[in-house]
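I've opened a new page in my notebook for this one. Time to look things up piece by piece and jot down what turns up.

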Amino acid sequence: MKVLDIINKSKGKIFSAVFLKKDGTIRRMNCRLNVKKGVNGKGMSYDPIKRGLLPVYDMDKKGFRMININTLISFKVNGKNYNVK
């Protein structure tokens with residue numbers, strides 16, 4: 001998936017994402033990948049990527065959240081905006 005490749009190349013830098021939540025509302029999130037704080041080492045019991053989810057750390061809520069890649073509207077990485085079709 002091209003979207004995941006672009007986001008993964010951010011190498012842990014903060015990026016923003018706009019996506020449609022499960023309840024139908026639009027969510028704007030400042031987040032980042034590869035955050036180790038608060039991880040207990042057990043891991044997840046499923047593969048979120050196979051379910052179309054991207055685990056990220058929400059910088060505003062200070063917790064881990066999931067972005068649904070299938071409902072992603074746009075995102076901004078390294079100062080460049082991307083619109084998802």
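These are my entries, grouped by the part I was looking at.

**Before starting**

Note to self: this is a predicted model.

**Entry: how the strands pair**

I began with strand β1, residues 15–20, and looked for a partner. I found strand β5, residues 72–77, joined to β1 by 4 bridges, with the two running antiparallel. In that pairing, I saw Val 18 standing opposite Ser 74 in β5.

Next I looked at the other pairing I had for β5. Strand β6 (residues 80–83) is joined to β5 by 4 bridges, and these two run antiparallel. Here Ser 74 turns up again, opposite Asn 83 in β6. So I wrote Ser 74 down twice: it faces Val 18 and it faces Asn 83; by definition, strands count as paired because DSSP finds at least two bridges between them.

How many residues sit between β5 and β6 in their hairpin? I counted 2, and Asn 78 in the turn has a positive phi of about 50 degrees.

Then I moved to β3 and strand β4 (residues 63–68). They run antiparallel and are joined by 6 bridges. Leu 54 stands opposite Ile 67 in β4. This pair makes a hairpin too, with 4 residues between the strands.

**Entry: two lysines with positive phi**

I checked Lys 62, which is in the loop between β3 and β4. Its phi is positive, about 55 degrees, although Lys 62 is not a glycine. Buried or exposed? Lys 62 counts as exposed because its relative accessibility is 62%, and the cut-off for exposed is over 50%.

Lys 11 went on the list next. It also isn't a glycine, yet has a positive phi of about 55 degrees. I found Lys 11 in the loop between α1 and β1. At 72% relative accessibility, Lys 11 counts as exposed.

**Entry: Ser 10**

Ser 10 is in the loop between α1 and β1. I looked up its accessibility and got 3%, so Ser 10 is buried. What does Ser 10 touch, leaving aside neighbours within four places in sequence? I noted Phe 15, Leu 33, Val 77 and Asn 78. Asn 78 is the turn residue I met in the β5 and β6 hairpin.

**Entry: the nonpolar core**

I looked up the largest nonpolar core and found 17 residues in it. The ones with the most contacts inside it are Ile 7, Phe 15, Leu 54, Val 56, Ile 67 and Phe 75. Which elements give two or more residues to this core? They are α1 (2–8), β1, β2, β3 (53–58) and β5. The most come from α1, which gives 4 residues.

I followed up Val 56. Not counting neighbours within four places in sequence, its contacts include Phe 15, Met 29, Cys 31, Leu 33 and Ile 67.

**Entry: Met 29 and Asp 58**

Met 29 is in strand β2, residues 26–32. It is buried because its relative accessibility is 2%, and anything under 20% counts as buried. Beyond residues up to four places away in sequence, Met 29 touches several others, among them Phe 15, Phe 19, Val 56, Asp 58 and Ile 67. I also checked a distance: the C-alpha atoms of Met 29 and Leu 72 are 11 Å apart, with their positions 43 residues apart along the chain.

Asp 58 lies in strand β3. With a relative accessible area of 2%, Asp 58 is buried. Which side chain does the side chain of Asp 58 make a polar contact with? The partner is the side chain of Arg 27, at 2.4 Å. Asp 58 also touches Asn 30, Cys 31, Gly 63 and Arg 65, among others farther than four places away in sequence.

**Entry: the largest pocket**

I got about 390 Å³ of space for the largest pocket. It is lined by 15 residues, and the closest to its centre are Val 35, Val 39, Met 44, Pro 55 and Phe 64. The largest share of the lining, 3 residues, comes from β3.

I picked Val 35 for a second look. It sits in the loop between β2 and β3 and counts as buried at 17% relative accessibility. Apart from residues up to four places away in sequence, Val 35 touches Tyr 57 and Phe 64. The C-alpha atoms of Val 35 and Gly 52, 17 residues apart along the chain, are separated by 20 Å.

Conventions: Residues are numbered from 1 along each chain as its sequence is written. This is a predicted model: local features need pLDDT of at least 70, side-chain atom pairs count only at pLDDT 80 or more; totals for chains, interfaces and linings use all residues. Side-chain values use heavy atoms; hydrogens and water are left out. Buried means under 20% relative accessible area, exposed over 50%, partly exposed in between (1.4 Å probe, protein chains only). Contact means heavy atoms within 4.5 Å. A nonpolar core is a set of buried Ala, Val, Leu, Ile, Met, Phe, Trp, Tyr and Cys residues joined through side-chain atoms within 4.5 Å. A polar contact is a pair of N or O atoms within 3.5 Å; within protein, one must be able to donate a hydrogen and the other to accept it, and residues adjacent in sequence count only if both atoms are side-chain atoms. On a 1 Å grid over the protein atoms alone, a cavity is a set of points where a 1.4 Å probe fits but cannot get out, and a pocket is an open set with protein on both sides within 12 Å along at least five of seven lines; lining residues have an atom within 4 Å of a point. Grid points are joined across faces, edges and corners, and a volume is the space filled by probe spheres set on the points.
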